[in-house]
Amino acid sequence: MYPSNFCGSSKGLLSFSHDCKVWYMNCNQALFTQCNSWILISLLSLLQEFFTEDLWHTLPSSWQPVLQDLSYPQIADLLLDATHEDRRYPSVWPLSLLAFRATAHALAFPRESRSEGCRVGGSVKPKEFLENHSQSSLLGHIFRKHVKPKKQHEIRKLGTLVKQLCEQTDCNRVVDVGSGQGHLTRFLSFGLGLSVTAIEADPTLVTMASKFDGQLVWALEKEKQKKVTQNFPRHIAGWVNPKASWEAFIGQLKEDSLQGYPNFVLTGLHACGDLSATLLRHFVKCPHVRGITSVACCYMKITTKENPTPPGLFGYPMSSWVSGLSGHQLSYKAREGACHALEDYVRRLREESELLRSHCYRAMLETFIRDTRPDLRRAGIQTIKKSHLLPFTEYARLGLARVGLPPELPLDLGRVEAMLKEQGRVVVYFSLSLLLAPVVETMVLLDRMIYLQENGVNSQLVPLFNPNFSPRNFVLVALKPCGQ
């Protein structure tokens with residue numbers, strides 16, 4: 001559902017002033033009731049501690065026997081895929097487990113993009129890539145250069161939505177924050193004819209964006225045999241300060257005067273961490289920003305009420321209402337889990353992919369690290385490439401070296417063999433925690449919608465991208481009423 005008319009009418013909109021709070025309360029109460037809280041504490045533990053903390057046996061005893069013998073495709077169909085209709089249970093499941101699964105599915109905002117006709121764990125790539133897996137058939141060839149298929153899909157879909165908002169607000173100007181290499185900026189400017197200012201904190205990416213602009217203009221002029229006369233996008237290297245006044249934000253756009261400044265639509269494609277929250281704050285405060293499309297990511301990087309940076313501002317909760325609720329806190333692990341790609345994991349389960357081995361390997365390595373260095377808990381180990389293709393002994397050799405331990409540390413092979421046999425349990429446990437990921441994301445986004453409503457702005461949450469292709473597929477869309 002897209003905004004239809006914000007000027008004196010809410011036709012076509014869901015009224016979230018009440019629904020968002022009810023939805024959030026349902027999430028909060030279901031996740032943090034006394035009967036479920038200990039299960040959640042267990043499931044939101046770090047998976048690398050599966051063996052060291054004996055996490056399997058923290059699950060309800062009635063769940064363990066029915067889950068431990070599930071095949072990987074059965075885990076996908078019976079546990080994670082809410083749309084799967086032909087559920088055939090190999091044994092009778094406890095009512096508490098059935099209720100837990102049903103509640104998690106019911107509380108998560110639907111992720112399927114209706115326009116894409118996709119389903120969980122379905123075709124990885126949208127229909128626009130059927131002819132060529134690396135080139136969208138719906139995006140002009142000049143906008144595909146240097147752009148990966150996933151980004152092609154995103155800039156086409158989001159660009160079209162931004163154009164629609166510009167038409168509804170009589171704006172021809174867009175500010176793209178966190179613009180990176182300028183792929184969305186170029187499509188908005190050269191493809192859709194909008195006047196675009198792009199802000200990016202990394203000067204290197206700004207330089208690349210300008211370079212790619214030049215290459216695109218050269219290609220256009222060669223193709224049309226005439227000089228491109230439209231306004232080029234403006235690229236600015238800078239950090240958007242969440243505490244800055246709206247006047248300072250406008251000044252950052254390097255305009256000579258604030259008087260008569262044109263209205264514009266604000267957009268951010270996968271604005272990382274607190275940046276999405278910052279854009280919403282500037283949208284609310286600045287009278288020149290008439291609309292916004294916000295696609296968030298990296299929820300584990302947002303600051304929280306318990307650890308605000310800068311003091312007084314945080315990415316969660318944003319709304320006064322959620323901030324006043326007891327038990328609203330979302331841990332780092334919960335927010336990190338919300339970034340996982342459920343659809344991708346479902347696909348791996350159905351394919352019985354060897355990639356499923358990686359979680360078990362990491363949990364096994366943790367036991368040998370702690371045996372040698374009990375004080376070295378949860379050590380950060382960067383991804384070991386193609387770890388699923390390695391025997392565990394080689395994986396351990398590489399991993400031990402990364403935490404400063406002797407790579408040739410003797411390993412009890414009998415113990416290694418015993419833990420490898422528990423890989424199925426590790427996968428089930430991770431799948432249970434993954435079941436909660438969409439619920440946590442829903443809570444973060446509902447809080448932002450409530451924040452907007454507190455400031456007099458209705459909003460919509462749209463699953464715009466194909467989730468099998470672009471996991472962070474929600475776009476928060478809002479337009480200010482006329483006169484605000």
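**Exercise 1. Decide whether Y361 is buried or exposed, and find its aromatic partner**

Solution. In this predicted model, Y361 has a relative accessible area of 4%, and because buried means under 20%, Y361 counts as buried. The next step is to look for its ring partner, and here the model gives 15 aromatic pairs in all. One of them joins Y361 to Y395, with 5.2 Å from centre to centre and 50° between the planes. An angle that is neither under 30 degrees nor over 60 makes a pair tilted, and the pair of Y361 and Y395 is accordingly classed as tilted. Since Y361 belongs to helix α14 (residues 357-372) and Y395 to helix α15 (residues 392-402), the pair ties together parts that lie 34 residues apart in sequence. Y395 is buried as well, its relative accessible area being 5%.

**Exercise 2. Describe the pair formed by F368 and F392, and place it in its surroundings**

Solution. The ring centres of F368 and F392 are 6.1 Å apart and their planes are 40° apart, which gives a tilted aromatic pair. As to position, F368 is in helix α14 and F392 in helix α15, so that this pair links distant parts of the chain, 24 residues apart. Both F368 and F392 are buried. Taking the rings together, Y361, F368, F392 and Y395 are linked by ring pairs into a cluster. F368 has a further partner in R415, whose charged end sits over the F368 ring at 5.1 Å from the ring centre.

**Exercise 3. Identify the ring over which the charged end of K480 sits**

Solution. The ring is that of F283, and the charged end of K480 sits over it, 5.1 Å from its centre.

**Exercise 4. Work out the setting of S431, from its helix to its contacts**

Solution. Begin with the helix: S431 is part of helix α17, which covers residues 423-454. Next comes accessibility, where a relative accessible area of 0% shows that S431 is buried. Its side chain reaches the backbone oxygen of V427, at a distance of 2.8 Å. Finally, once neighbours within four places in sequence are left aside, S431 is in contact with I75, L79, L80, Y345 and L349.

**Exercise 5. State how many disulfides there are, and whether C27 and C286 are buried or exposed**

Solution. The count of disulfides comes to 0. C27 is buried, with a relative accessible area of 0%, and for C286 the relative accessible area is 0%, so C286 is buried too.

How values were computed
Residues numbered from 1 in each chain as written. Predicted model: local features only at pLDDT ≥ 70, side-chain atom pairs only at ≥ 80, totals over all residues. Heavy atoms only, no water. Phe/Tyr/Trp six-rings, centres within 6.5 Å; stacked < 30°, edge-to-face > 60°. Helix = DSSP H or I, 4+ residues; strand = E, 2+ residues; numbered from the N terminus. Buried < 20%, exposed > 50% of the residue type's maximum accessible area, 1.4 Å probe, protein only. Lys NZ or Arg CZ within 6 Å of the ring centre and 35° of its normal. Polar contact = N/O pair within 3.5 Å; in protein donor to acceptor, adjacent residues only side chain to side chain. Contact = heavy atoms within 4.5 Å. Disulfide = S-S within 2.5 Å.
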